[in-house]
Amino acid sequence: MYDCIAAVATAHGKGGVAVIRLSGENALDIAQKMFSPAKKEYNPNYMYPGDIEGDGFKDYGFMVYFKAPRTFTGEDIVEFHCHGGVQIARGILKKCVELGARLAERGEFTKRAFLNGKLSLSSAEGMVDMINAESLALLRAGRMMYTEKLTEEVRGIQDRLKDVLASVAVEIDYPEEGSVADTAKIACGLENISTDVSLLASSYSSGKKIKDGVTVALIGRPNVGKSSLLNALLGYGKAIVSDQAGTTRDVVEGDIELDGVKYNLVDTAGIRECAGEIEKIGIERARQAAQTADITLIITDSGEVPAEDTAGNIIKVFNKCDAVSPVGDYDVAVSAKTGKGIAELKKLIAENGVGEAALDKAYIVEERHYSALKRAEQSLKSASEGIGLVTLDLVAIDLKDAWDALGEITGETANEEIISTVFEKFCVGK
C-alpha cells in the first residue's frame, strides 16, 4: 500500500457539500485522529455523523471508510463530507496533511487505481472523456471506454495474436514437423486479426468528430443570409445581421448538438472580389474555413455560388425561400427568417457528420489509441508479407511488436511517460 494522499474531491468554491478524500496507508488512522463520531465505530461502507476537526475549527459532517482492496484505488479510502465552504474544505485538508497525509497530485487517485489493477489505462481515459464531455455522444463513447469495452476488444485481439505467436513458435522449434498447411493457417489467422485491427482503427474518423465536434463552415456571397442562417440553426442571435454587404468580417462561431454529437458552426465573411483591406482578411479566413471544415454549407439566394475550394462534405443551401422560388442546384431550401426547412437542414448536417452514435460501440476517440492501432496494423502487415520470404523468427518479432502496440492502449506495455501523460489530464482529487 502506498503512502496516504489527500485532496478536496469536489469543485473549488461554495456549495452544499465538499468532499475531502484520503487514500493509502494510515488513511483510517489519520481520520480517527480528527473525527469524533457519536459512537466510536468505523465499520467499512457506513457513513457516520460527527465533528470533523479542521485547522483551528470543527465542522459537523460525515465520515465514510472504504476498506481495501474493495475500493476505487484498491487501498483504504476515507472521505469526509463537510459543509461546502472554501475555508472549511481547505482547513480540513490542511489538518489531514498535518497528521501525516500528503497533497495528492493531478489524477493520483485514479493512477493508483490503475497501478493496483482496478482499471485499465483506456478505462481511465474514458473517465476523463466522461468528465469533460460537451456532448451526449462523447459521454457515451467515454462510458464505453470506462466500462472496459475497448479494453475487452483489444485484449481479445491480443489473445488471438498470442495463439498465432504460439503457432509460429512451434514452427520455429520443430520445423521438421511443419507443413504448408500450418503456414497457411498462420497467414489466415494474421489476415483476420489485421482486418479487425483496421476496422477498429477506422472508427477514429467518427470518434475524432465525437470528441472534438464536427466543424461546419457557412460560406457564400455577401447578403445571402449566412449570419441569419447561423442564428436560425443556433436558435438565438449570435451573429450581427444587416442588409449592408460585408457586415461579417471575421469568423463567428457557435455550436449545436444533433443526435448527441456536437457541431461547431462557423459563419464567415461573404466572398466577393471588391472588398476593403479588413474585409479581405475575413474573406481569406472564410476560404481557409471552407478548406478545413468537415462539412461546408454553400449558401445562395439566387442559385449562384462562389467557386471555392472546399473540404469534406458539401451541402448546397438555397436561402430566402419565403421570398423567392428556389432555382439552380441545391440540396435543401430554407428560410432563415421563417424557419422553414431548418429542421431538414439539421438532418442533412447530422447525416453528413457522424449520424447517431451507436450506444454499444467502442469508438476510437483518442489519438494515442489510433496511433497504437496504426503501428500494430503496420507490424501485422510486415509479418504477413514476411511469411514464406523471411525466417519465422523475424515474423515473430513483427507479431510481438504488434502485441506491444496494442498493449499501450490497455496499459500493459505503456511506459511511464505515456502513463503520466494520461493522468495529467485529470484534476486534483480524482
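User: Which residue just after α3 takes a positive phi, and of about how many degrees?

Analyst: In this predicted model, the place to look is the stretch that directly follows helix α3, which spans residues 108–115. Just after that helix, the residue with a positive phi is G117, and its value is about 75°.

User: Is α3 mostly covered or mostly uncovered, and which of its residues are buried?

Analyst: Helix α3 is mostly covered, with six of its eight residues buried. The cover over these buried residues includes the strands β1 (5–8), β2 (15–23) and β7 (102–103), together with the helices α4 (121–132), α13 (392–410) and α14. The buried residues themselves are E108, F109, T110, R112, A113 and F114.

User: Why does α3 count as oblique to α14?

Analyst: Helix α3 and helix α14 (residues 416–423) pack with their axes 9 Å apart, at an angle of about 140°. Angles over 145 degrees would count as roughly antiparallel and those from 65 to 115 as roughly perpendicular. Because the angle of about 140° belongs to neither of these ranges, nor to the one under 35 degrees, the relation of α3 to α14 is oblique.

User: What residues meet where α3 passes α14, and how many of them are nonpolar, polar and charged?

Analyst: The helix α3 passes α14 in a right-handed crossing. From α3 come T110, K111 and F114, which meet E416, I419, S420 and F423 of α14. Sorted by class, this contact has three nonpolar, two polar and two charged residues.

User: Is F72 buried, partly exposed or exposed?

Analyst: The residue F72 lies in the loop between β5 (58–66) and β6 (77–84). Its relative accessibility is 30%, and since buried means under 20% and exposed means over 50%, F72 counts as partly exposed.

User: What does F72 touch, and how many Å apart are F72 and F109, C-alpha to C-alpha?

Analyst: Leaving aside residues up to four places away in sequence, F72 touches I77, F109, T110, A113, K118 and M127. Of these, F109, T110 and A113 are among the buried residues of α3. In sequence F72 and F109 are 37 residues apart, while in space their C-alpha atoms are 8.2 Å apart.

User: What percentage of the residues of the protein chain count as buried?

Analyst: The protein chain has 14 helices and 13 strands, and its accessible surface comes to about 20900 Å², with 50% belonging to carbon and sulfur atoms. Among contacts with a separation of 6 or more, residues 24 or more positions apart account for 60%. Of the 430 residues in the chain, the share that counts as buried is 47%.

How values were computed:
Residues are numbered from 1 along each chain as its sequence is written. This is a predicted model: local features need pLDDT of at least 70, side-chain atom pairs count only at pLDDT 80 or more; totals for chains, interfaces and linings use all residues. Side-chain values use heavy atoms; hydrogens and water are left out. Axes are lines fitted to C-alpha atoms, for helices over the stretch in contact, and angles run from 0 to 180 degrees between N-to-C directions. Helices (H or I, at least four residues) and strands (E, at least two) are DSSP runs, numbered from the N terminus. A crossing is left-handed if the near helix is turned anticlockwise from the far one by less than a right angle, and right-handed if clockwise. Contact means heavy atoms within 4.5 Å. Ala, Val, Leu, Ile, Met, Phe, Trp, Tyr, Cys and Pro count as nonpolar, Asp, Glu, Lys and Arg as charged, and the others, Gly among them, as polar. Buried means under 20% relative accessible area, exposed over 50%, partly exposed in between (1.4 Å probe, protein chains only). Accessible areas come from the Shrake-Rupley method with a 1.4 Å probe; for residues, only the protein chains shown count as cover.
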